Structures are given as structure tokens and as C-alpha cells.
Amino acid sequence: MAFELPKLNYAYDALEPHIDARTMEIHHSKHHNGYTNNLNAAIAGTDLENSSIETILGNLDMSNKAVRNNGGGYYNHSLFWNVMNPEGKEALSGDLKDAILAAYGTFEDFKTTFSKAAATQFGSGWAWLCVHKGGKVEVCSTPNQDNPLMSGVSCGGTPILGLDVWEHAYYLNYQNRRPDYIEAFFNVINWSEVEKRFIASK
Ligand code: MN
């Protein structure tokens with residue numbers, strides 16, 4: 001069964017002014033759609049065709065560039081849309097808050113660590129918050145469309161929050177000001193969704 005481009009739970013302009021409608025539209029309907037189509041083409045007729053994306057990425061031969069890049073792109077963007085929410089200005093709470101404070105001390109220190117990972121990822125890539133079995137959380141970043149489900153990347157566990165720092169994610173509105181885009185992202189994080197993923201994966 002072919003993978004499908006997931007629908008957004010909100011309108012393209014719903015994240016303004018933090019993320020503009022034009023960027024969202026191009027990012028979802030062109031970039032994510034392209035990864036989806038290219039993933040389907042790459043797995044057509046192979047034994048990956050009936051696997052979940054998590055299974056495909058978790059068992060990936062990293063020399064398979066087509067599946068690595070497009071499967072990563074498919075999964076990463078699917079997560080990204082879901083961890084943002086126009087009503088995202090909610091306080092972090094519950095078990096996830098406890099885990100973040102256990103790892104980073106304060107929310108501000110976590111935010112600094114995550115923002116630094118996103119800002120210093122050279123070129124294109126992603127910043128992640130991951131959870132390991134047992135509930136320990138960890139921030140890391142990966143290049144291109146790699147992600148922590150893949151073996152041999154900088155951190156493991158399950159990604160529960162991801163930030164796209166490819167220029168296509170922010171350049172129309174922020175040009176070279178990646179740090180401003182990262183700051184804006186913190187205004188639209190859907191913490192209740194991130195916590196749901198934390199509880200399901202820990
Ligand atoms: Mn992207």
C-alpha cells in the first residue's frame with residue numbers, strides 16, 4: 001500500500017505570524033508531497049512496500065539513499081505538522097515536563113539546548129527531542145532527512161518533537177535568520193501532542 005501525504009489538522013495560515021501561509025503551503029503540498037511520491041517510487045515492488053514507515057526506517061540499509069532521504073522526509077514532516085498547533089501556547093506539564101526538567105534542569109535550559117541544536121545544524125537538517133525506553137529525554141540534531149529512528153545517527157530513541165531547519169522551512173519569511181524562526185517555533189509547539197507521543201514511546 002502506498003504512503004499518502006497526510007492532511008494538516010489546521011489551515012495553511014493558522015500558524016501565522018510565526019510560520020507564514022505561503023511557506024506552509026509550499027512546504028506541505030510541494031516538498032512533503034515530493035518526499036511521499038519519491039518514497040512510494042523507491043519501495044514499489046520491494047519487500048518494504050507493506051511495512052510501516054517506522055519499520056522501514058528502523059531497519060534501513062543506510063546506503064539506500066532513495067529510501068533514506070525520502071522515507072526520512074516522509075516521516076519527519078508527518079511528525080512536524082502534528083507537533084505544531086495554532087493554539088500551541090500551552091504550558092508544558094505532566095510527565096513530559098518532569099522528564100525535561102530531569103534532563104535539563106529548567107525549561108529555559110531545555111529551550112536553549114534545543115535551539116542551539118537547531119541553530120548549529122550545519123546546512124539542512126532537523127533538531128529533535130527524543131525519548132528512550134525508561135523515559136529519559138534527549139536533544140540532538142541530524143543532517144538532511146535523517147532521523148533518530150535510523151541506526152548510527154547522533155541519538156536514538158523515538159523522536160517526539162522535531163524542527164525542520166532546511167531553508168525551505170523558513171527562508172521566505174525569515175531569510176537567513178534561522179534563530180528567529182527557531183524562537184517563533186516555540187510559540188506554536190503542541191505540547192499536549194508531544195506529551196502523548198512521550199507517553200506512548202517511553
Ligand atoms: Mn522540510
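Are histidine 77 and histidine 168 buried or exposed? Histidine 77 is buried, and histidine 168 is buried too. The model is predicted.

**The metal site**

Both histidines bind the manganese ion, together with His27 and Asp164. The three histidines each use NE2, while Asp164 uses OD. Coordination distances run from 1.9 to 2.1 Å. Along the sequence, the donors follow the spacing H-x49-H-x86-D-x3-H. Histidine 77 and histidine 168 link distant parts of the chain, 91 residues apart. Histidine 77 belongs to helix α3 (residues 65–82). Histidine 168 sits in the loop between β3 (158–164) and α6 (171–174).

**The aromatic rings**

The whole structure holds 17 aromatic pairs. Two of them are set out here.

| Pair | Geometry | Centre to centre | Angle between planes |
|---|---|---|---|
| Phenylalanine 80 and tryptophan 81 | tilted | 5.4 Å | 40 degrees |
| Phenylalanine 107 and phenylalanine 186 | edge-to-face | 6.4 Å | 80 degrees |

Phenylalanine 107 and phenylalanine 186 link distant parts of the chain, 79 residues apart. Phenylalanine 107 is in helix α5 (residues 107–120). Phenylalanine 186 is in the loop between α7 (178–185) and α8 (191–201).

Burial can be read for each of these rings. Phenylalanine 80 and tryptophan 81 are both buried. Phenylalanine 186 has a relative accessible area of 10%, so phenylalanine 186 is buried. Phenylalanine 107 is partly exposed, because its relative accessible area is 27%.

Ring pairs join these four residues into a cluster that also includes Tyr104, Phe110, Phe114 and Trp126. Trp128, Phe185 and Trp191 belong to the cluster as well. A charged neighbour comes last: lysine 111 lies over the face of phenylalanine 186, 5.2 Å from the ring centre.

Notes:
Residues are numbered from 1 along each chain as its sequence is written. This is a predicted model: local features need pLDDT of at least 70, side-chain atom pairs count only at pLDDT 80 or more; totals for chains, interfaces and linings use all residues. Side-chain values use heavy atoms; hydrogens and water are left out. Donors are N, O and S atoms within 2.8 Å of the metal (3.2 Å for Na, K and Ca); water is not among the atoms, so sites may look incomplete. Helices (H or I, at least four residues) and strands (E, at least two) are DSSP runs, numbered from the N terminus. Buried means under 20% relative accessible area, exposed over 50%, partly exposed in between (1.4 Å probe, protein chains only). Rings of Phe, Tyr and Trp (its six-membered ring) pair if their centres lie within 6.5 Å; planes under 30 degrees apart count as stacked, over 60 as edge-to-face and the rest as tilted. A charge sits over a ring if NZ of Lys or CZ of Arg is within 6 Å of the ring centre and within 35 degrees of the ring normal.
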